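Welcome, and please open the model in your viewer with a cartoon and a way to select residues by number. We will go from the whole chain to single residues, one selection at a time.

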Amino acid sequence: MAAPRRAAVLGSPIAHSLSPVLHRAAYEELGLTGWTYDRFEVDEAALPGFFETLGPEWAGLSLTMPLKRAVIPLLDGISETAASVDAVNTVVLTQDGRRTGDNTDVPGMVAALREHGIGKVEAAAILGAGATASSALAALSRVCPGEIAVYVRSEARAAEMRQWAERLEVSVRIADWADAEQALHAPLVISTTPAGVTDALARSVPERPTALFDVLYDPWPTALAARWSAYGGAVVSGLDLLVHQAVLQVEQMTGRAPAPLDAMRKAGERALEAR
């Protein structure tokens, strides 16, 4: 019998995380009976100490806020994707002690879009400029050769997005949040804002909307996503993103591919329905 292996998601707050549900569903489907996946409340100050406790039974870690940048100095190396957004959400631990970081949010976004038939768009808009917006910009760098409009609420956020655009070599136009209704006419809209922020925009959804990627999944649907769907537009949800990035994590941590996308999605849907 293979030796037991461990994985977990770390962050603060962490109680809401669906990652244990998704990863455990994958382990069950893959027949990995000796694998466990837990969640731990860990903030930036506690992260180095947590790493010191990791033994050879550990295979990987998923990281959420506020650890995606704080973890980088603790690693032996990070992937090109993680370096491009200065954020790690996945750590693969080898039994010889090596710790390698990656970012599966970016390819997870691209995969979620492709699952909904969105392979390339000529232009796009991003609502918000927080932590998720940099990953959205990196994902768009792979699918959008044209201009990306970013609607922000502060000059500080605008400056950050200009820096990310230069780093990722994409064409960005910064726009004021007061004009966010204009974003809804873009071929692809990615909403990266917290719950409730885009609710007022729902009344401005055009009669023939194109595609919306709303990174939230709880509560779901958001007011914007509900109106968008009611008008016949394509909607990609935060659960789509969560599942696709988790699929990549499972494959990296276990070395088994393909990870069971459908089983993981159904487990996530059941968990959300039970909340």
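**The whole chain**

Start by colouring the charges: the protein carries 24 positive and 33 negative side chains, and the centres of these two sets are 2 Å apart. Here Lys and Arg are the positive ones and Asp and Glu the negative ones, with His and the chain ends left uncounted; each charge is placed at NZ of Lys, CZ of Arg, CG of Asp or CD of Glu.

Before going further, a word on what you are looking at. This is a predicted model, in which local features need pLDDT of at least 70 and side-chain atom pairs count only at pLDDT 80 or more, while totals for chains, interfaces and linings use all residues. Residues are numbered from 1 along each chain as its sequence is written, and side-chain values use heavy atoms, with hydrogens and water left out.

Now switch to the cartoon: you should find nine helices and twelve strands. These are DSSP runs numbered from the N terminus, helices being H or I with at least four residues and strands E with at least two. The radius of gyration is 19 Å, close to the 19 Å of the globule rule for 275 residues, so the protein is as compact as a globular protein of that length. That radius is taken over C-alpha atoms, and the rule is 2.2 Å times the number of residues to the power 0.38. Along the principal axes, the C-alpha trace spans about 60 × 35 × 30 Å.

Turn on the surface next. Its accessible area is about 12,500 Å², with 49% belonging to carbon and sulfur atoms (Shrake-Rupley method, 1.4 Å probe; for residues, only the protein chains shown count as cover). Of the 275 residues, 52% are buried, where buried means under 20% relative accessible area, exposed over 50%, and partly exposed in between (1.4 Å probe, protein chains only).

**Stop 1: the mixed sheet**

In which order do the six strands of the open sheet run? Follow them as 2-1-3-5-6-4, with mixed pairing. Strand 2 (35-41) and strand 4 (77-78) are at the edges with a single partner strand each, so one side of each has no neighbour in the sheet. Two strands are said to pair if DSSP finds at least two bridges between them.

Select strand 3, residues 58-63: six of its six residues are buried. Strand 3 pairs with strand 1 (residues 5-11) in the parallel sense over five bridges, and with strand 5 (residues 90-93) in the antiparallel sense over three. Gly60 is a handy landmark, since you can look from it to both neighbours: Ala7 stands opposite Gly60, and Val92 is the bridge partner of Gly60 in strand 5. Also show Arg6, whose bridge partner in strand 3 is Trp58.

**Stop 2: strands 10, 11 and 12**

Select strand 11 (211-214). Ala211 and Phe213 point one way, Leu212 and Asp214 the other, and all are buried. This alternation between the two faces of the sheet is what side chains do in a regular strand. Strand 11 pairs in the parallel sense with strand 10 over four bridges and with strand 12 over three. To see these pairings, show Ile190 opposite Phe213 and Leu212 with its bridge partner Val235 in strand 12.

**Stop 3: helix 4**

Select residues 105-115. The buried residues of this helix include Val106, Met109, Val110 and Leu113. What do the buried residues of helix 4 pack against? Among the partners are helix 3 (80-85), helix 5 (131-143), strand 10 (188-191) and helix 8 (238-254). Just after helix 4, look for Gly117, with a positive phi of about 80°.

**Stop 4: the loops**

Most residues other than glycine have a negative phi, and most peptide bonds are trans. Here are some places to check against that.

- Ser12 and Pro13 are joined by a cis peptide bond, omega about 5°; Pro13 is in the loop between strand 1 and helix 1 (19-30).
- Ala257 and Pro258 are also joined by a cis peptide bond, omega about 0°; Pro258 is in the loop between helix 8 and helix 9 (261-273).
- Asp86 has a positive phi near 55° and is partly exposed at 24% relative accessible area.
- Glu169 has a positive phi near 60° and is exposed, at 73% relative accessibility.

Finish at Pro194, in the loop between strand 10 and strand 11. Leaving aside neighbours within four places in sequence, Pro194 is in contact (heavy atoms within 4.5 Å) with Arg153 and Leu216.
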